[in-house]
Every structure is written in structure tokens, then in C-alpha cells.
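Please look through the following protein model, and read the report beside it slowly, following each part in the 3D view.

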Amino acid sequence: MRIANNVEMLEVPTPAPHHPVLIWDDDDVVLIDTSFPGELPALEAELARCGFTIEQVNKVILTHQDIDHIGNAKAFRAAGAELMAGAREVRHIQGDEPLTKLADMEANLDQLPPERAGFHQMLKDAAPALYTPVDTALADGQELPLCGGIRVVFAPGHTPGHIVLLLCAANVVVCGDAANIVDGQLVGSNPQMTHDTRDAEASLARIKSLGASGYLSYHTGYLAS
């Protein structure tokens, strides 16, 4: 879906629809988030729809450490992309520390509901193959000189170091999982998948204060304001 000039909301349909974002200009092709493990062919098909190959993506920005966002980061880095992430997420993405959701579940295994046991085991099995070095750690308020400017905004809660990205030229916020769209309204991170709900509420307020003309949510699509 075309959101603005050279801003495309991609759609990877399985295991449930989700939306990496592609932006580009004459100098850079930037992918924001990389889908689930095993979904690289579907993601490459979306790149092809926009006229690009994996080798042409020279920057990848990860909004946070979750498996459905870092799932193919290693492949893009191997193809030549510079990998970027918020500074507080880097150690988790590289495997220096466990993924936050995995650590949270393992700290409470005796209270883990049966329906979460499979998710816990999947994370435990899959995570080691996904860890990859991060080339650039991003700071809150940093503005990247890419595609008309990309401002990094710290938005913790869903994970401790989650970031959102203001695409300055389009005045659109890429929210990752820090915000969702429900009944035409921008709401916060899914509480069941949130590390710190108080931080998540504060981050939603910060996102709304940016005064954007639109919001791209990873799992729930696009909302024009």
C-alpha cells in the first residue's frame, strides 16, 4: 500500500498479516522490520512488487527485538545492508542478553499458562539462529539523514528499548508494536505482549504528541489522522 511518495506499507500475509515498511530515494533503500523467520520469500516478493531486490536494501532499521521483527535481519545484513536498532535493544538482538519476552517467561515458568508453553518453547528454540550483530545503535531524538529524514523516538513498554520512527518528509510515524489501530483509533501496545504497561501508556502519549498525519502499525495497518 502506497502511503506517501516513496513510502510503501508492505504486507506479509502469514502467519497473520503484518507490515514492514519500505522507504527509498536516489541514495538509499530502507526497510523497517523484517518479518517472521521463514517469511523471507514473501518479503522478497513484496520488495519485488516495489521494484527492488534484497541486495538493493542498504539500510534495515529494527523497531525492537521481537522475533517477528528481527526474523530475517541476518539475511539482509548478509546481503549487504547496514543493520540499525535502538541502543537499548542491541544486546538482545545480538544475543548478548536473551530476548526480553523469553526472559520474562522463564522467570515465571511455574505460572506460565499452558497456552503460552508452546510460544515459550518456540522462542527458546528459534532465538539462537536469529541473533546477529547490529552495526549502528540509535539514540532517542537522533535524526538520520535518509529519505528526507528519519527521527528516532524512544517508545519503551512493549519492550524496554522499543523505538518508533517519524518519517519527516511524509510526516508519518512507523509505530512498530508500540501502537495499534482499533475501531479507527490509535491505541497502545497489546497488554498481553507488553513488558511494562505503564511505560507503554506513556509511549502512546508521546507518539500522539508528534502530530503526525498518519500512523503505520506493524500488525494493524495504517491510520490517517
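Two strands are said to pair if DSSP finds at least two bridges between them. In this model, which is predicted, strand β10 (residues 163-167) and strand β11 (residues 172-176) are joined by three bridges, and the two strands run antiparallel. One residue pair shows this in detail, since L165 has V174 as its bridge partner in β11.

These two strands belong to a wider arrangement, an open sheet of six strands whose order is β8-β9-β10-β11-β14-β15 and whose pairing is mixed. The edges are taken by β8 (143-144) and β15 (221-224), and because each of them has a single partner strand, one side of each is left without a neighbour in the sheet.

The helix α1 (residues 40-49) offers a second picture, and its buried residues are L40, L43, E46 and L47. They lie on the same side of α1, because they cover an arc of only 120 degrees around the axis. As a general rule, an α-helix has 3.6 residues a turn, so residues three or four places apart point the same way. On the face of α1 turned away from the buried side, one finds the exposed residues P41 and A48. The cover over the buried residues of α1 includes β3 (21-24), β4 (29-32) and α3 (73-78). After α1 comes G51, and the phi of G51 is positive, near 95 degrees.

What space does the largest pocket hold? The largest pocket holds about 300 Å³, and 17 residues line it, of which D66, D68, D177, M193 and H219 are the closest to its centre. Among the helices, α2 (67-70) and α6 (114-130) each supply at least two residues of this lining, and α6 gives the most, with three residues.

The cysteines form the last topic. A search of the whole structure finds zero disulfides, and a disulfide would need a pair of cysteine sulfur atoms within 2.5 Å. The table sets out two cysteines, neither of which is in a disulfide.

| Cysteine | Nearest cysteine sulfur | Distance | Relative accessibility |
|---|---|---|---|
| C147 | that of C168 | 11 Å | 14%, buried |
| C168 | that of C147 | 11 Å | 25%, partly exposed |

Are these two cysteines buried or partly exposed? C147 counts as buried because its relative accessibility is 14%, whereas C168, at 25% relative accessibility, counts as partly exposed.

Definitions and conventions: Residues are numbered from 1 along each chain as its sequence is written. This is a predicted model: local features need pLDDT of at least 70, side-chain atom pairs count only at pLDDT 80 or more; totals for chains, interfaces and linings use all residues. Side-chain values use heavy atoms; hydrogens and water are left out. Buried means under 20% relative accessible area, exposed over 50%, partly exposed in between (1.4 Å probe, protein chains only). Helices (H or I, at least four residues) and strands (E, at least two) are DSSP runs, numbered from the N terminus. The arc is that of the directions from the helix axis to the C-beta atoms. Contact means heavy atoms within 4.5 Å. On a 1 Å grid over the protein atoms alone, a cavity is a set of points where a 1.4 Å probe fits but cannot get out, and a pocket is an open set with protein on both sides within 12 Å along at least five of seven lines; lining residues have an atom within 4 Å of a point. Grid points are joined across faces, edges and corners, and a volume is the space filled by probe spheres set on the points.
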